Amino acid sequence: EKFKPLILATWDHGMPANDRAWEVLSQTASVVDAVEEGVKVTELDMDNLSVGLQGLPDREGIPTLDASIMKGDGSCGSVAFLRQIKHPIAVARKVMDETPHVMLAGEGARQFAISQGFPLESEVLSPKAAKAFEEWKVNAQYKPIINIENHDTIGMIALGADGKMAGSCTTSGLAYKMHGRVGDSPIIGAGLFVDDEVGAATATGLGESIIRICGSFLIVELMRQGRTPQEACEEAVRRLIAKNRKDLDNLQVGFLAINKEGEYGAYALREGFTYAMHHAKEKALKNSTFAL
Ligand code: SD4
């Protein structure tokens, strides 16, 4: 089946994010505005410990954020290792729209955000993150291991009625990561890739394993060669398994894809990956199929 317009987003929190994105898409017909505004909902969700400043911090106790946004014409922007900003996706959008660059990181990204009028927020951990961090410190394992139940970056991809596509991805990254660690989410081609000629893909899960295979770019290129979105996601997971055999036990990954015809697919390494799908006739939370 084919749907135009169509929006997909990762995990349960994709549902309210998609609602907002759908509303913006209906009002403005801009897919890029839709994917930006959609994930902003998640960036403010105090129950989400993997997105926004309320997310779980790095091992020094500091929340650092990664985000990216991309349009199907190749325009893109991202921020990595950003501190003290509530809406990293909006800063990524400004990098795309207002600078000659694609990616700003760390202190430079923060200075740019300030220059664009973004308020600086406190780095005091949210109550839930503070509690989790205190518990983690008891047995602090300095080898970052992804918690299979608890990674819920939001990645969102959308196809407009006019055939234009866009995507967004935003996260506080891997809990208790090394200070300075950057995941897949702000890396164009890893956590997100969009090409109006083919389709769009986004990823969630252990970023290192996704970067290693250029996951989102790989999926778009497989679709370019004729795979359906579902087949492309499955092939990417097979590739990921082959390249990450050493740590498979501590790994979860989920991919979403849409093509320009309005078909979609989803696939994960293991059970438990949910995603939200929204089109004119239906919106639903779905369970992804999985490999292991
Ligand atoms: C990362 N992909 O930074 C992200 C992790 C994730 O919720 O999905 N977290 O590696």
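Let's start with the open sheet of five strands, which runs in the order β7-β8-β9-β10-β13 with mixed pairing. At its edges stand β7 and β13, residues 289-290, each with a single partner strand, so one side of each is left without a neighbour in the sheet. Please keep in mind that this is a predicted model. Further in, β9 and β10 run antiparallel and are joined by five bridges. If you'd like a spot to click on, G254 stands opposite A268 in β10. As a general reminder, strands of a sheet pair through backbone hydrogen bonds, either parallel or antiparallel.

Let me zoom out for a moment. The chain has eight helices and 13 strands. Its radius of gyration is 17 Å, close to the 19 Å that the globule rule gives for 292 residues, so the chain is as compact as a globular protein of that length. Along the principal axes, the C-alpha atoms fill a box of roughly 50 × 45 × 30 Å. Of the 292 residues, 55% count as buried. And if you take the contacts with a separation of 6 or more, 66% of them come from residues 24 or more positions apart.

Now back to the sheet, and to the helix that goes with it. That is α8, residues 229-243: 15 residues, reaching 21 Å from the first C-alpha to the last, close to the 21 Å expected at 1.5 Å a residue. Which residues of α8 are buried? They are P229, A232, C233, E234, A236, V237 and L240. In general, an α-helix has 3.6 residues a turn, so residues three or four places apart point the same way. The cover over the buried residues of α8 includes three strands, β8 (199-205), β9 (253-259) and β10 (264-268), along with helices α6 (207-212) and α7 (215-224).

F255 is a nice residue to see this from. Setting aside neighbours within four places in sequence, F255 is in contact with C233, A236 and V237, with A201 and A203, with G215 and I219, and with A266 and Y267. There is also another core, lying apart from the largest one, with eight residues, among them L49, A132, L174 and Y176. As for the largest nonpolar core, it has 83 residues, and those touching the most other members are L8, M156, A158, I219, F255 and A257. The general background is that in soluble globular proteins, nonpolar side chains tend to be buried together.

On to another helix, α2, residues 31-43. At 1.5 Å a residue its 13 residues should span 18 Å, and its end C-alpha atoms are 19 Å apart, which agrees. How many of the 13 residues of α2 are buried? The count is 12, so α2 is largely enclosed by the rest of the structure. The buried set takes in charged residues by name as well, including E36, E37, K40 and E43. Around α2, the covering elements include helices α1 (14-28) and α3 (88-98), plus strands β1 (6-10), β2 (65-71), β5 and β6 (165-171).

Next, the annotated positions. For "active site", an unreviewed UniProt entry lists T153. Where is T153 found? It is in the loop between α5 (127-138) and β5 (154-159). T153 counts as buried, with 31 C-beta neighbours inside 10 Å. Beyond its neighbours within four places in sequence, T153 is in contact with T10, S50, V51, C169, T171, S185 and T204.

That last contact, T204, leads us to the other annotation. The unreviewed UniProt entry has a "binding site" covering R181, V182, G183, D184, T204, G205, L206 and G207. T204 lies in strand β8, which brings us back to the sheet order β7-β8-β9-β10-β13. With 30 C-beta neighbours inside 10 Å, T204 counts as buried. R181, by contrast, is partly exposed, with 18 other C-beta atoms within 10 Å. R181 sits in the loop between β6 and β7 (192-195), and, not counting residues up to four places away in sequence, R181 touches D58, G173 and L174.

One last stop: L82, in strand β3, residues 76-82. Is L82 buried or exposed? It counts as buried, with 27 C-beta neighbours inside 10 Å. Outside its neighbours within four places in sequence, L82 is in contact with T64, L65, P88, V91, A109 and R110. The C-alpha atoms of L82 and L104, 22 residues apart along the chain, are separated by 8.7 Å. Thanks, everyone!

Terms used
Residues numbered from 1 in each chain as written. Predicted model: local features only at pLDDT ≥ 70, side-chain atom pairs only at ≥ 80, totals over all residues. Helix = DSSP H or I, 4+ residues; strand = E, 2+ residues; numbered from the N terminus. Rg over C-alpha atoms; globule rule 2.2 N^0.38 Å. Buried ≥ 20, exposed ≤ 12 C-beta atoms within 10 Å, placed from the backbone. Contact = placed C-beta atoms within 7 Å. UniProt positions renumbered as here; feature names shortened; annotations may be inferred. Expected span 1.5 Å × (residues − 1). Core = buried A, V, L, I, M, F, W, Y, C linked by C-beta atoms within 7 Å. Pairing = 2+ DSSP bridges.
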